[in-house]
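Hi everyone, thanks for coming. Let me put the sequence and the structure up, and then we'll walk through a few spots together.

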Amino acid sequence: MMKSRIFWGIVAPVAAIVSSLFFVYVILTLRGVDPIEMFKLMVSYGFDPRNVVSELNQTTAYYMAGVAAAIGFKMLLFNIGIDGQYRMGAFFGAVVGAAVSLPPILHVLVIVLTAMLAGGLWAAIAGYLKVKRGVSEVISNIMLNFIAAAIIAFLLSPNLLGSLPEGSQILQTKPIPASGQMPTIKAFDGEIYTFLFVAIAVGIAYWVMLNKTIFGFNLRATGLSFRAARASGVNAPGMIFVTTVLSGAIAGLVGMGTLLSDTHNYSMAFPSGYAFTGLALALLGRNHPVGIFFAAFLWSFLERSAPVLEFEGVPPEIVIVMQGTIVISIVVAYEVVARLNLRQQQRAVGSVATDATSVKETK
């Protein structure tokens, strides 16, 4: 049974990617473009060493978003508020980082903890509304994303926590001093964020928490059956709230690579859309830290390869089509796998019942 689950767990995402490639193949053929040559061009451009550096840096952010979404999925929570939680984390991390003066390692640690605290507290609002008022986390998080963006835009005023550098039209926080910055690794004419190693550590901690701790067991049990977990003594509402906060805390780290190793300040120019991306990567990676990493790199690879298509007369939006097709395909594939696993379980139960009946008749 375990081998079967592993097999289908690998086949499902592979089938989703293949089906997406086939769909794009058809579209490119209808446009009169050679799909094989186009795929070769994307692979060649995407695996150019300089582009791999950019892809790894983007993978770091996507990976954190995917892990945050996966934690919610384990509790059957749809954390679509990752965007707002990440913005709050990056913003307050930047503000605190610029306001304090500490030794290098401690300074970075304070910024990271502040980002996690801000993201977790912002997610706690949705968790409280769900547990105490029965409000869907999807609805509350959508609203909280907009509220977070509005609050930050207000606080970025030069009269409050923001500043407007001379010659710039973009409001931003004050710069973080050198003691609060993380170094980069120079490779292939680029610089890789060292926050990548923090992301890897978060993935390992997520796996250990989920599979080797009582909290992780209670989390998975509550996600599988709220009523059964509550009947067995688990504080199911409390688990939902804590899981929501934990997911938000991880989401608060999404922008740390860019903040600590690149911009050293926060502005409204920071990218958005991490909520939907994180959810897609968690699905594609089967909520497993290793699977999410490869899914995050694939997403980064596709986005980095998109500009080269425009030079060949192909709209770069074809990459968005590919990503969307992968998400739809993975949902369908997992539903098929779930039904196949259910049939196998029913057959196993049926065979056991048949054997028990035959033993009774023999006696």
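Let's start at helix α11, with helices taken as DSSP runs of H or I of at least four residues, strands as E runs of at least two, both numbered from the N terminus. Right after α11 comes His264, with a positive phi near 65°. A word on the source: this is a predicted model, where local features need pLDDT of at least 70 and side-chain atom pairs count only at 80 or more, while totals for chains, interfaces and linings use all residues. Residues are numbered from 1 along each chain as its sequence is written, and side-chain values use heavy atoms, leaving out hydrogens and water.

Back to α11, residues 256-263: Met256, Gly257, Leu259, Leu260 and Ser261 are buried there, meaning under 20% relative accessible area with a 1.4 Å probe, protein chains only. Their cover includes α4, α5, β3, β4 and α7.

Now have a look at Gln85, in helix α4. Is Gln85 buried or exposed (exposed being over 50% relative accessible area)? Buried, with a relative accessible area of 1%. Beyond its neighbours within four places in sequence, Gln85 is in contact (heavy atoms within 4.5 Å) with residues including Asn79, Trp122, Asn141 and Ser247. The C-alpha atoms of Gln85 and Asn145 are 7.6 Å apart, though 60 residues separate them along the chain.

Finally, which residues line the largest cavity? Asn79, Asn141 and Ser247 are among them, along with Gly72 and Phe78. α10 gives the most to that lining, with 3 residues. Thanks, everyone!

Conventions. On a 1 Å grid over the protein atoms alone, a cavity is a set of points where a 1.4 Å probe fits but cannot get out, and a pocket is an open set with protein on both sides within 12 Å along at least five of seven lines; lining residues have an atom within 4 Å of a point.
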